[in-house]
Amino acid sequence: VFISGQIPLNPETMEVVDGGIKEQTRQVMENLAAILKAANLSFANVAKFTIYLTDLTDFAELNQTYAEFLSEPYPARATVEVSQLPKGVKVEMDAIAKR
């Protein structure tokens, strides 16, 4: 299952969540969890994440929040810095999950 890039939008309002990288990461992970659940999957099925950050100095804070949602064995991950993301958000993630 290929999950397209998710940004920190509140699914009820379709507005960017308030806060910094931790709050934005949490919302992205919750959005990904909802998509996985709709496909009868979970984070345990994810083989790879790609994470896009507008500032790589946010990586440590992102990683703390990201880790709250995952357990070993951790999926593969690539993290890259980009100049901009939609709606001015700080983080976007896509994922590939296996059945």
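# A first walk through this predicted model

G88 is found in the loop between strand 3 and strand 4. This is a good spot to begin a tour, and one point should be clear from the outset: the model is predicted. At 64% relative accessibility, G88 counts as exposed. Pick out F43 as well, and you have two points to hold on to while turning the structure: G88 and F43 lie 45 residues apart in sequence, and their C-alpha atoms are 26 Å apart in space.

The loop that holds G88 also holds K87. With a relative accessibility of 61%, K87 is exposed. Its backbone deserves a look too, since phi of K87 is near 60°, a positive value in a residue other than glycine.

## Strands 2 and 3, and the path between them

Now let us move to the paired strands. How many bridges join strand 2 to strand 3? There are six, between strand 2 (residues 46-53) and strand 3 (residues 76-81), and the two strands run parallel. The chain goes from strand 2 through helix 2 (residues 59-67) and on to strand 3, making a right-handed β-α-β crossover. To find one of the pairings on screen, start at T50, whose bridge partner in strand 3 is A78.

## The nonpolar core

Strand 2 also contributes to the largest nonpolar core. Which of the 20 residues in this core touch the most other members? They are F49 and M93. The elements that give two or more residues to the core are helix 1, strand 2, helix 2 and strand 4 (91-97). Helix 1 supplies the largest share, five residues.

F49 is a rewarding residue to click on. Leaving out residues up to four places away in sequence, F49 touches M29, L32, F43, Y66, L70, P75, A76, R77, A78, M93, D94 and A95. That list includes M93, the other residue named above for its contacts within the core. It also includes A78, the bridge partner of T50.

## Two buried glutamines

Two glutamines come next, Q6 in strand 1 (residues 2-6) and Q24 in helix 1 (residues 21-38). Is Q6 buried or exposed? Q6 has a relative accessible area of 16%, which is under the 20% limit, so it counts as buried. A polar atom of the Q6 side chain lies 3.1 Å from the backbone oxygen of S4. Beyond residues up to four places away in sequence, Q6 touches V28, N31, L32, I35, V91, E92 and M93.

Q24 is buried as well, with a relative accessibility of 5%. Setting aside neighbours within four places in sequence, Q24 is in contact with P8, V16, V17, G19, V89, K90 and V91. V91 appears in the contacts of both Q6 and Q24.

## The salt bridge

How many salt bridges does the structure hold? There is one, and it is formed by the side chains of R26 and E68, with 3.1 Å from N to O. The pair links distant parts of the chain: R26 belongs to helix 1, E68 to the loop between helix 2 and strand 3, and 42 residues separate them. R26 is partly exposed at 29% relative accessibility, whereas E68 is exposed at 54%.

## Loops with a twist

The loop between helix 2 and strand 3 has another feature to show. P73 is located there, and the peptide bond from E72 to P73 is cis, with omega near 0°. Most peptide bonds are trans, and most residues other than glycine have a negative phi.

Y74 sits in the loop between helix 2 and strand 3. The C-alpha atoms of Y74 and D58 are separated by 20 Å, with their positions 16 residues apart along the chain.

One more loop completes the tour: M14 lies between strand 1 and helix 1. Although M14 is not a glycine, it has a positive phi of about 60°.

Here are some loop residues to compare side by side.

| Residue | Relative accessibility | Class |
|---|---|---|
| M14 | 47% | partly exposed |
| Y74 | 49% | partly exposed |
| K87 | 61% | exposed |
| G88 | 64% | exposed |

Why does Y74 count as partly exposed? Its relative accessibility is 49%, and the exposed class needs over 50%, so Y74 falls in the class between buried and exposed.

Note on methods:
Residues are numbered from 1 along each chain as its sequence is written. This is a predicted model: local features need pLDDT of at least 70, side-chain atom pairs count only at pLDDT 80 or more; totals for chains, interfaces and linings use all residues. Side-chain values use heavy atoms; hydrogens and water are left out. Two strands pair if DSSP finds at least two bridges between them. Helices (H or I, at least four residues) and strands (E, at least two) are DSSP runs, numbered from the N terminus. A crossover is right-handed if, with the strands pointing away from the viewer, the path from the first strand over the helix to the second runs clockwise. Buried means under 20% relative accessible area, exposed over 50%, partly exposed in between (1.4 Å probe, protein chains only). Contact means heavy atoms within 4.5 Å. A polar contact is a pair of N or O atoms within 3.5 Å; within protein, one must be able to donate a hydrogen and the other to accept it, and residues adjacent in sequence count only if both atoms are side-chain atoms. A nonpolar core is a set of buried Ala, Val, Leu, Ile, Met, Phe, Trp, Tyr and Cys residues joined through side-chain atoms within 4.5 Å. A salt bridge is a side-chain nitrogen of Lys or Arg within 4 Å of a carboxyl oxygen of Asp or Glu.
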